[in-house]
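The exercises below are to be worked with the sequence and the coordinates side by side. Each task is followed by a solution that goes step by step.

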Amino acid sequence: MNIILLGPPGAGKGTQAKMLVDERQMVQLSTGDMLRAARTSGTELGKTVAGVMDRGELVTDEIVIGLIEEQLTTTNSAGGFIFDGFPRTLAQADALGALLDKVGQSLDCVVEMRVDDEILVKRIAGRFTCGGCGEGYHDEFKMPSDPAKCDNCGSSDFKRRPDDNEDSLKTRLMAYYKDTSPLIGYYYAKNQLKSIDGLGEIADVKARLAQALV
Ligand code: AMP
């Protein structure tokens with residue numbers, strides 16, 4: 001099963017994708033994670049996208065389509081792919097359709113995760129991840145049981161994203177409404193869209209997502 005998780009920053013796409021990976025042997029393809037990895041390893045690509053990402057703007061279609069193409073043509077996934085944070089523009093959506101065709105796959109479902117803007121700001125302002133294993137936490141909603149150590153791997157190297165600040169978040173939300181939200185109509189017209197309420201406890205959203213994927 002190949003699915004897209006669609007929604008604004010902070011909607012919980014990454015959190016839900018990671019649980020699907022653990023439970024359904026799916027592969028998460030997050031262009032945001034790929035771009036952050038390029039920055040951490042100091043590649044030319046990483047240097048090119050750093051400023052754009054920190055401001056909360058979108059990197060070019062060409063760059064992210066290239067990243068997805070590379071993954072789709074080199075990765076096998078028995079459980080299917082979860083596209084997280086991709087596509088974000090109509091051009092990327094068209095390109096994804098063509099790439100899936102090229103590798104003999106298709107898209108099964110697009111799940112839109114709906115969350116109020118006010119909640120997004122709250123979610124984003126408090127989130128952090130473990131630098132050791134990537135486990136996600138939140139100051140208010142999901143603290144590690146020992147605040148100094150990751151529950152999962154014991155590391156105390158916690159990281160906060162540089163673009164999780166008020167100015168970038170405004171730009172990211174604008175980019176979502178201007179460039180990404182038209183995908184809701186695009187996939188609705190293709191009869192592939194399902195919408196779920198992304199508010200509430202992680203486990204409740206997980207149950208709604210599971211229902212949408214039946
Ligand atoms: P994310 O982790 O999905 O919130 O992405 C973090 C940042 O990476 C975004 O604010 C963009 O600057 C960039 N980015 C990630 N995915 C895409 C995409 N599909 N198209 C354009 N820019 C992207």
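**Exercise 1. Register of a sheet**

Which residue stands opposite His138 in β6? Place that pair within the sheet to which β6 belongs, bearing in mind that the model is predicted.

*Solution.* Begin with the pair itself: Arg127 is the residue that stands opposite His138 in β6. A further pair is given by Thr129, which stands opposite Gly136 in β6. Both pairs fit the pairing of strand β5 (residues 127–130) with β6, which is antiparallel and runs over three bridges.

Next, turn to the connection, where the hairpin of β5 and β6 has five residues between the strands, and Gly134 takes a positive phi near 85°.

Then consider the other partner of β5, namely β7, with which β5 pairs in the antiparallel sense over two bridges; here Phe158 in β7 is the bridge partner of Cys130. Taken together, the three strands form an open sheet with the order β6-β5-β7 and antiparallel pairing. Its edge strands are β6 (136–138) and β7 (158–159), each of which pairs on one side only.

**Exercise 2. Surroundings of the ligand**

How many residues surround the ligand, and which come nearest? Describe the shell and its polar contacts.

*Solution.* Start with the count: there are 16 residues around the ligand, and those that come nearest are Thr31, Arg36, Glu57, Gly85 and Gln92. By class, the shell divides into six nonpolar, four polar and six charged residues, while by element helix α2 (residues 31–40) gives the most, with four residues.

Now list atom pairs. An N or O atom in the side chain of Thr31 is 2.8 Å from a nitrogen atom of the ligand, and a backbone N or O atom of Val59 lies 3.1 Å from a ligand nitrogen atom. For an oxygen atom of the ligand, the partner is an N or O atom in the side chain of Arg161, at 3.0 Å. As a last step, take the area: of the 480 Å² of accessible area that the ligand has on its own, the protein covers 96%.

**Exercise 3. A serine in a loop**

Is Ser77 buried or exposed? Justify the class, and then describe what lies around this residue.

*Solution.* Locate the residue first: Ser77 is in the loop between α4 (61–74) and β3 (81–84). Its relative accessible area is 17%, and because buried means under 20%, Ser77 is classed as buried.

For the surroundings, a polar atom of the Ser77 side chain lies 2.6 Å from the backbone oxygen of Gly80. Leaving aside neighbours within four places in sequence, Ser77 is in contact with Gln25, Met26 and Val27.

Notes
Residues are numbered from 1 along each chain as its sequence is written. This is a predicted model: local features need pLDDT of at least 70, side-chain atom pairs count only at pLDDT 80 or more; totals for chains, interfaces and linings use all residues. Side-chain values use heavy atoms; hydrogens and water are left out. Buried means under 20% relative accessible area, exposed over 50%, partly exposed in between (1.4 Å probe, protein chains only). A polar contact is a pair of N or O atoms within 3.5 Å; within protein, one must be able to donate a hydrogen and the other to accept it, and residues adjacent in sequence count only if both atoms are side-chain atoms. Contact means heavy atoms within 4.5 Å. A residue is near a molecule or strand if one of its heavy atoms lies within 4 Å of it. Accessible areas come from the Shrake-Rupley method with a 1.4 Å probe; for residues, only the protein chains shown count as cover. Ala, Val, Leu, Ile, Met, Phe, Trp, Tyr, Cys and Pro count as nonpolar, Asp, Glu, Lys and Arg as charged, and the others, Gly among them, as polar. Two strands pair if DSSP finds at least two bridges between them.
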